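I opened this notebook to record what I looked up in the model, entry by entry. The entries start from a single side chain and widen from there.

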Amino acid sequence: MSKPPKQVPLPTRQQLLDFIRESPGRVGKREIARAFHMTGENRSVLREMIKDLEKSGSIERGHGKRFAHPGALPDAMVLEISGVDDDGELLAKPLTWTEETRPPKIFMAPGRRGESALGVGDRVLARLRRLREGIYEARAVRRITAGPAKVLGVFERTAAGSGRLRPTDRRQKMDYTILDADSLAAQHGELVLAEILPGGRAYGLRPAKVVERLGSMDNPRTVSLVAIQTHDIPCEFPAEALAEAEASAAAPADRRDDLRPIPLITIDGEDARDFDDAVWAEATDDGGWHILVAIADVAWYVRPGDALDREAFKRGNSVYFPDRVVPMLPEALSNGWCSLKPNEDRPCLAVHLWIDNEGHKQKHRFVRGIMRSAARLTYERVQQAIDGSPDDDTAPLVEPILKPLYGAWKALFAARERRGVLDLDLPERKVIIGTDGRVETVIPRPHYDSHRLIEDFMIAANVAAAEQIEALNRPCMYRVHDLPSREKLEGLRDFLTTVGLSLAKGQVLRASAFNQILAAAKDTPEAHLINEVVLRSQAQAVYSPENIGHFGLALARYAHFTSPIRRYADLLVHRALIEGLALGDGGLPADSWERFAEIGEHISLTERRAAAAERDALNRFTTLFLADRVGAHFAGRVNGVTRFGLFVTLDETGADGLMPVSSLPDDYYVHDEVRHCLVGKRSGLTFSLGDIVTVALAEANSLTGSLLFQLVDGGHVVPGRRPTGQSPRGKPRAIREKRTAKRRK
């Protein structure tokens, strides 16, 4: 008689997670089953456990049905050599990185004897080995492309008369040396683009040569150039694309709906450079509203596959800086034929919307038309006019145009409130540039009801576009926003318990649940902190042909339709509508349908690239503004807590900077990730996310755009601990190798 199979206890969920997270690479079901001695029917239970972990977002599936924790790198991928650390080791980064967080740190293992040395800028296919959480070692399998890599920096003359390049990227830890013959006659303090040269002494600086001079770093207009170069923002249009734009002409009015008798108006910011949406509304006999949203007909001018289209796809979107715009389309279109200028005929794609008095849409109709804007207004002027202080231009528009717009908006806003849209209160900042190009001030960006009016009109038009394309059975580039992952929600719940709030489990999660938390925190000292933590718990919105809805807006379907001048996604939506409704030329070709998933990934990446560049420029402009106030004291709030220090946001300007842990009162500080705080082991002194602090500006580095703060207490700077763990450059090789080996254990 055979013995019954030995019963092996099932691993707990946490044991399973720990095994996957601690494995040096991705693991499959076979490795997991072997590790926990699971056979027979236990394997089916294991499959269900893995499926549950994957569905919750605790692990993710990679190539070949192999699993790892979210954000983990695969066993092999393409890397770019990004720099050199203080110990002379090469660092790399993934060539593509779609996560919201920074990529893990990757050290390149030394090459085998006889292999040509790798340099900054080289791209390699590499095998990766996880050393510990957030740190990997990579070994090159083959070089894909070799430099020369380029680095942006400030050229300086040393006391010895030689040239030195100081990189603008704070992640670049090493300077470069430049010979006179390779300097392109660059002047001291000038921003330059340099090419990294092969060679260099083992412990000296690597050589480079200047390939482009970009102007003096003393000129504030150089700040945006740094962001453009650092984030690889395409800023020069190909000659063919420029020629196509310049050859554009007025679109014919025949076979278009004539919307010129309707007094459509544009409402934008004071500094807006292009006007691609116009609005109008009137009351209907049944107590509801008839709304018209007209959008520039970019699809008429930018046809699939032409030079303009290829360049627009490459850029993905326009990028906005305080002193300039890097547009998706050449100026002849973005500020010309596709800009809805007052009193000029312009082609448009428009949607008529009929809503009831509670803001519910009853029906819609898309048309291809010709329009003439009645006025170009700003948010401030519209708000002043509706509040009873119109100027000479807005006074005649209040009764016939502005009041109906606000009436329709109030109905839309009521529907929005009932729907439970995620309503975070996170102020933005605005850099004011003077006529001399210098920063005059940095202020909070105002937000009026006129802003909300345009937002809600655009959302209504975007929803109608998504619904129409679905009804036509055409491919749609949705704007999707997923629910927060289970892991992030657990982190949020843990945090909320520390401030006396809770997020219920076991319910169908809606954005309104977060609004209840935000409402409970309103007018409390923790309000700003809770808004920040709720924001960080959210998933990132992306473009995709697969519709999963928009969690933040509480919408089942949503697409971007209203800004085709500055977003390629909107142009795709226009083309799908034109083709599906047979509205004429410039529709979506059938051969592009199968590429929608790839296109969605690309334009999601270009959007993140643009956001990073805009944030970088804003930080650099703000740093420049504060550069002459080193030593001054500022009120601020802790907006980030890490093991190496506190990130502080200043109340006055919204500027962000680091208060290193070494500058805090003398103690050993433990990082509590759940409570988002640093706790002094000896003193119990605690610094938490959201704490109000007074800081002194210790350093404003306009080269890297970074600020360093010191804590102030009772009007005096608090003396900190002596910085530890800092290693001077050029230590003997044996010491460096010992430190490296210790770090990798």
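**Entry 1: Asp-309.** I note at the outset that the model is predicted. I looked up the side chain of Asp-309 and found one of its polar atoms 2.9 Å from the backbone nitrogen of Gly-305. Asp-309 belongs to helix H7. I then asked whether Asp-309 is buried or exposed. Its relative accessible area is 8%, under the 20% cut-off, so Asp-309 counts as buried. Leaving aside residues up to four places away in sequence, I listed what Asp-309 touches: Val-302, Arg-303, Pro-304, Tyr-568, Leu-571 and Arg-575.

**Entry 2: helix H7.** I next took the helix that holds Asp-309. H7 runs over residues 307-315, and its buried residues are Ala-307, Leu-308, Asp-309, Glu-311, Ala-312 and Arg-315. I looked up what covers these buried residues; the cover includes helices H5 (239-246), H6 (298-301), H8 (331-337), H15 (568-580) and H16 (596-626), together with strand E18 (324-326). At the N-terminal end I found a cap: a side-chain oxygen of Asp-306 lies 3.2 Å from the backbone nitrogen of Leu-308. After H7 comes Gly-316, with a positive phi near 80°.

**Entry 3: helix H15.** I turned to H15, which is part of the cover of H7. Three of the residues touched by Asp-309 are recorded again here: Tyr-568, Leu-571 and Arg-575 are among the buried residues of H15. I asked how many of the residues of H15 are buried. The count is 12 of 13, so H15 is largely enclosed by the rest of the structure. The other buried residues of H15 include Ala-569, Asp-570, Leu-572, Val-573 and His-574. From its first C-alpha to its last, H15 reaches 18 Å, close to the 18 Å expected at 1.5 Å a residue. H15 is followed by Ala-582, where I read a positive phi near 55°.

**Entry 4: positive phi in loops.** I recall that most residues other than glycine have a negative phi. I therefore looked up two further exceptions, on the basis of that general rule. Leu-184 has a positive phi near 55° and lies in the loop between strand E10 (176-178) and strand E11 (190-196). At 46% relative accessibility, Leu-184 counts as partly exposed. Asp-232 also has a positive phi, of about 55°, and is found in the loop between H4 and H5. With a relative accessibility of 59%, Asp-232 counts as exposed.

**Entry 5: cavities.** I asked how many cavities of 30 Å³ or more the model holds. The count comes to two, and the largest contains about 50 Å³ of space. Its lining consists of Met-217, Val-223, Val-226, Arg-620, Leu-624, Ser-702 and Leu-703. Helix H4 (222-230) and H16 are the elements that give two or more residues to this lining. Sorted by class, the lining has five nonpolar residues, one polar and one charged. H16 thus appears twice in these notes, here in the lining and earlier in the cover of H7.

**Entry 6: the whole chain.** I closed with totals for the protein chain. It has 17 helices and 34 strands. Of its 745 residues, 49% count as buried. Among contacts with a separation of 6 or more, 66% join residues 24 or more positions apart.

Note on methods. Residues are numbered from 1 along each chain as its sequence is written. This is a predicted model: local features need pLDDT of at least 70, side-chain atom pairs count only at pLDDT 80 or more; totals for chains, interfaces and linings use all residues. Side-chain values use heavy atoms; hydrogens and water are left out. Buried means under 20% relative accessible area, exposed over 50%, partly exposed in between (1.4 Å probe, protein chains only). Helices (H or I, at least four residues) and strands (E, at least two) are DSSP runs, numbered from the N terminus. Contact means heavy atoms within 4.5 Å. A polar contact is a pair of N or O atoms within 3.5 Å; within protein, one must be able to donate a hydrogen and the other to accept it, and residues adjacent in sequence count only if both atoms are side-chain atoms. On a 1 Å grid over the protein atoms alone, a cavity is a set of points where a 1.4 Å probe fits but cannot get out, and a pocket is an open set with protein on both sides within 12 Å along at least five of seven lines; lining residues have an atom within 4 Å of a point. Grid points are joined across faces, edges and corners, and a volume is the space filled by probe spheres set on the points. Ala, Val, Leu, Ile, Met, Phe, Trp, Tyr, Cys and Pro count as nonpolar, Asp, Glu, Lys and Arg as charged, and the others, Gly among them, as polar. The expected span of a helix is 1.5 Å times one less than its number of residues.
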